[in-house]
Every structure is written in structure tokens, then in C-alpha cells.
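Work through the exercises below with the sequence and the structure side by side. Each task is followed by a worked solution.

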Amino acid sequence: MSAPRTAAAAPPVARIGDIDVLRGFALLGILLINAQLMAGPAVAHGGAGSGLADRGVAWATTALVSGKFYLLFSFLLGYGFTVQRRSAERAGVAFAARHLRRTAALFVLGLVHAVLLFPGDILMTYAALGLVLFALRDVRPRRLLRIAAVLLVSLAALLLAYGLLALALERTQGLAAPAADTGAAYRGGPGSVVRTNIELLPRFLGANVLHSADLLAALLAGLAAGKRRVLAGPGPRPVLLRRVVALGLPLGLVGGAFVAVCTHGPLEGGWFFVGQAAGVLTAPALTAAYACGVLLLVRVPAGRGIGATLAPAGRMSLTNYLAQSLALALVFTGYGLGLYGRVGTTTVLLGCLFLYAAQLALSALLSRHRRSGPAEFLLRAATRGGLPRRARWPPGAHHS
């Protein structure tokens, strides 16, 4: 009977504000990419039938956003792993069992999300990689970074080799296009939407498996940073943040532009995979530059309001991620308006900005009453092995 009393009496680990800010920022990039995928292939690729503005927006999104923000989220997830481990140690509970329950709950949540809303779900992949993270939990930070580097170089080499082979064979197509009847299926009733999600799920899972190397690399980098408590206390020094921005921004922008050229033209065919190889190596630089730029911004008086706006959304990042998919499904599938394949890229982008602004406002409002959203509450309950007797999520007294 003593263990439960010790766990209940353990003081909570203080939240790290920079993590919440960066998660809130990452939600925008994730929304921009997922919205294009859920709106239809013409929106994501800015095809020949699209207008000049739509093609330009698709090109810019690929160059500046695609492949960057999931890396940031992965890094923060790896960092959060160390925070959760310290929390379990302070509470005097077994971290292994707690982590296993958390990954299982995350997998189930991701599976439901994929079947009902969006087959491009990332939560199942994070759950699987969370087991790898646990296995490497005691590896030293420097070795973790070396493993991350090997993963990135290996994936880039694989993609480059495939791209060069495709060029040698004069292959003219990059990724397989969705079936022609996908639009009609997504514009059908709820049953049709669910069936289509299930049919497309293996394709999306295959892409996630391929890119699990760079996701794991980002997780390991976050684990290494968490071991060194990089974001704890005052956080990184401004001079270091400025140096990362100065080095990462030009490299990342050049790499992103090359990826866009290989994805949207004028380079085509096997060049797609060559561009993806370049993206694997350069996207982390732009991701790091974005993150350090945001941290620099929120440290000056003029940017503190931005940090205060982003942090509540970051504390509810899982709820906001799922809410984004729900809102997009209501717009583009038969759950609601059924606009799949009927909206231009520019319109989708503007709609994303409106949805993101609404999420920031709602998160700030909700944070006045609760420290997290409903999805976080359920995941925390599953992690800890069930709901406390008096626990409830609906707004009540605020817990700090």
C-alpha cells in the first residue's frame, strides 16, 4: 500500500515552456501537409490542371514545409521521453510498464484515427518507434547522434540509388497515383470513406516505414537533447540559436528548393527520388533553423506574445492534431461537404491558416480551465493505468 501513496505524493515535473511553444508551431506545418493530402492528389502535387497560383503554392509548400515539421515533432517526442522517464522515477513507479501502456494507447488511437479520418496517421509509427526509443534509452547522447546520422545517410543513399536506377531505366513516374475512383469514394457516405481509408492505409503505412529512418533519427536527436536537458531552465544560449539559424537556413532552403524542383518540375521521373534523398539530408537543417528561430523570437519582448499564443496549443498538440483531421474530413469527405478534389491549393492553404488561428484561440480559451485537452487526458490515464477516482476531463478547476 505504500507505493500508491508515494506515487500520489510525488511532486509533478514542471513543464518545459519551449517544448509547448515548438509543438504549437509544428502544428501549423503538419496541418498544411495533411490538408493537401486529404484534399486530393491535385492539391498536393499542383498538377498540370491547376492554375499558376496553385502550382506556386504547392511548390513553395514542398520546399518550405514538407518533411520538416514531422521531424520537429519527432524531436520533441524524443525529448519528452526523457521528461516522462524522470517523472516516473520521481513518482517511484516502473517506467517500462508505464511506457508500454502509453505506446499501446498511442497505437490504438492512431489506428482509430487512420480508419475513421486520415490513413496518413503518424501515431502508429510513433508508437512502434517508441519501443525502439525505449531499447536505446541508456545509450549515451553522442552515440545516439551518431546512430541518427547513420540512419539519415543510409536512407538518403537508398533513395538516391533508386532514383539513379530510375533515371537509367528512363522511368517517367515518381510515386504511384491514387486510383481514379478515390474522389468519388471519398465524396460518398461515411461507409465509403471508411472503406477508402482502409484501402489506402497500406500505402501510407509503406511510406511511413520507408521514412521511419529519418523519424527515428529525429527521435534519437531529441532523446540526446533531453538527456542533456537542452531545453530546460533558460534553454539554449541566443548565440547558439543564431548560429544554428545562420548555418541551417541556407542549406535547408537550397535543399528544399531542389526537392520542389524534382517533385513539381521541371525535373521529373526518377529525379523525384533523387530530390527525396537530398531532402532527407537537408530537411533537418531547415527544421533546426525553424525551431531555433522561433526560440529566438519568443525570447525578445516583441515575440513573447507569440510564445504565449503557441504554448497552449502545444500543450494540447495531440487533441489539436486529431481535431485537424476531423475538421478536414468534414470539409473534404462525405462526412460533411465532400469537397475532395474540388478545391484549389491556394484555397486549401488559406483555409488551413483560418483553422490554425481558430485552434490557437480555442486552445488559449481551454487552457484557462484545463492544463491539457481530452486526448491528452485519455493518453495520460492509459499511461498511468486508469483514471483516478475523482479524475474528470470536462472543465473544472485548473491544474498547474
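**Exercise 1: A residue on helix 6**

Phenylalanine 107 lies in helix 6. The model is a predicted one.

Task: Decide whether phenylalanine 107 is buried, partly exposed or exposed, and find the nonpolar patch on the surface that contains Phe107.

Solution. Step 1: the relative accessible area of phenylalanine 107 is 40%. Step 2: buried needs a value under 20% and exposed a value over 50%. Because 40% falls in between, phenylalanine 107 is partly exposed. Step 3: Phe107 forms a nonpolar surface patch together with Val108, Leu111, Val112 and Leu116. The accessible area of these residues together is about 410 Å².

**Exercise 2: The chain as a whole**

Task: State how many helices and strands the chain has, what share of its residues count as buried, and what share of the accessible surface belongs to carbon and sulfur atoms.

Solution. Step 1: the secondary structure consists of 17 helices and zero strands. Step 2: the chain has 400 residues, and 47% of them count as buried. Step 3: the accessible surface is about 19200 Å², with 68% of that area belonging to carbon and sulfur atoms. Step 4: among contacts with a separation of 6 or more, 82% are between residues 24 or more positions apart.

**Exercise 3: Aromatic pairs**

Task: Count the aromatic pairs, then classify the pair of phenylalanine 81 and phenylalanine 95 as stacked, tilted or edge-to-face.

Solution. Step 1: ring centres within 6.5 Å make a pair. By this rule there are nine aromatic pairs. Step 2: in the pair of phenylalanine 81 and phenylalanine 95, the centres are 5.2 Å apart and the planes make an angle of 80 degrees, which is edge-to-face. Step 3: phenylalanine 81 belongs to helix 5 (residues 69–91) and phenylalanine 95 to helix 6 (residues 95–116), so that the pair links parts of the chain 14 residues apart. Step 4: phenylalanine 81 has 2% relative accessibility and therefore counts as buried; phenylalanine 95, at 11%, is buried too.

Task: Do the same for phenylalanine 118 and phenylalanine 204.

Solution. Step 1: this pair is also edge-to-face, with 5.9 Å from centre to centre and 65 degrees between the planes. Step 2: phenylalanine 118 is in the loop between helix 6 and helix 7 (123–135), while phenylalanine 204 is in helix 10 (residues 190–210), so the pair ties together parts 86 residues apart in sequence. Step 3: phenylalanine 118 and phenylalanine 204 are both buried.

Task: Name the residues that ring pairs link into a cluster, and the ring that the charged end of arginine 137 sits over.

Solution. Step 1: the cluster contains Phe25, Phe69 and Tyr290. Step 2: the ring under the charged end of arginine 137 is that of phenylalanine 134, and the distance to its centre is 3.9 Å.

**Exercise 4: Two residues in helices**

Task: Locate threonine 82 and list its contacts beyond neighbours within four places in sequence.

Solution. Step 1: threonine 82 is in helix 5. Step 2: its relative accessible area is 6%, so threonine 82 is buried. Step 3: with those neighbours left aside, its contacts are Leu223, Gly226 and Lys227.

Task: Place phenylalanine 377 in the secondary structure and relate it to threonine 319.

Solution. Step 1: helix 17 (residues 374–383) holds phenylalanine 377, which is buried at 14% relative accessibility. Step 2: phenylalanine 377 and threonine 319 are separated by 58 residues in sequence and by 9.4 Å in space, C-alpha to C-alpha.

How values were computed. Residues are numbered from 1 along each chain as its sequence is written. This is a predicted model: local features need pLDDT of at least 70, side-chain atom pairs count only at pLDDT 80 or more; totals for chains, interfaces and linings use all residues. Side-chain values use heavy atoms; hydrogens and water are left out. Rings of Phe, Tyr and Trp (its six-membered ring) pair if their centres lie within 6.5 Å; planes under 30 degrees apart count as stacked, over 60 as edge-to-face and the rest as tilted. Helices (H or I, at least four residues) and strands (E, at least two) are DSSP runs, numbered from the N terminus. Buried means under 20% relative accessible area, exposed over 50%, partly exposed in between (1.4 Å probe, protein chains only). A charge sits over a ring if NZ of Lys or CZ of Arg is within 6 Å of the ring centre and within 35 degrees of the ring normal. Patches are made of residues with over 30% relative accessible area and no salt bridge: like charges are joined within 9 Å, nonpolar side chains (Val, Leu, Ile, Met, Phe, Trp, Tyr) within 5 Å. Accessible areas come from the Shrake-Rupley method with a 1.4 Å probe; for residues, only the protein chains shown count as cover. A salt bridge is a side-chain nitrogen of Lys or Arg within 4 Å of a carboxyl oxygen of Asp or Glu. Contact means heavy atoms within 4.5 Å.
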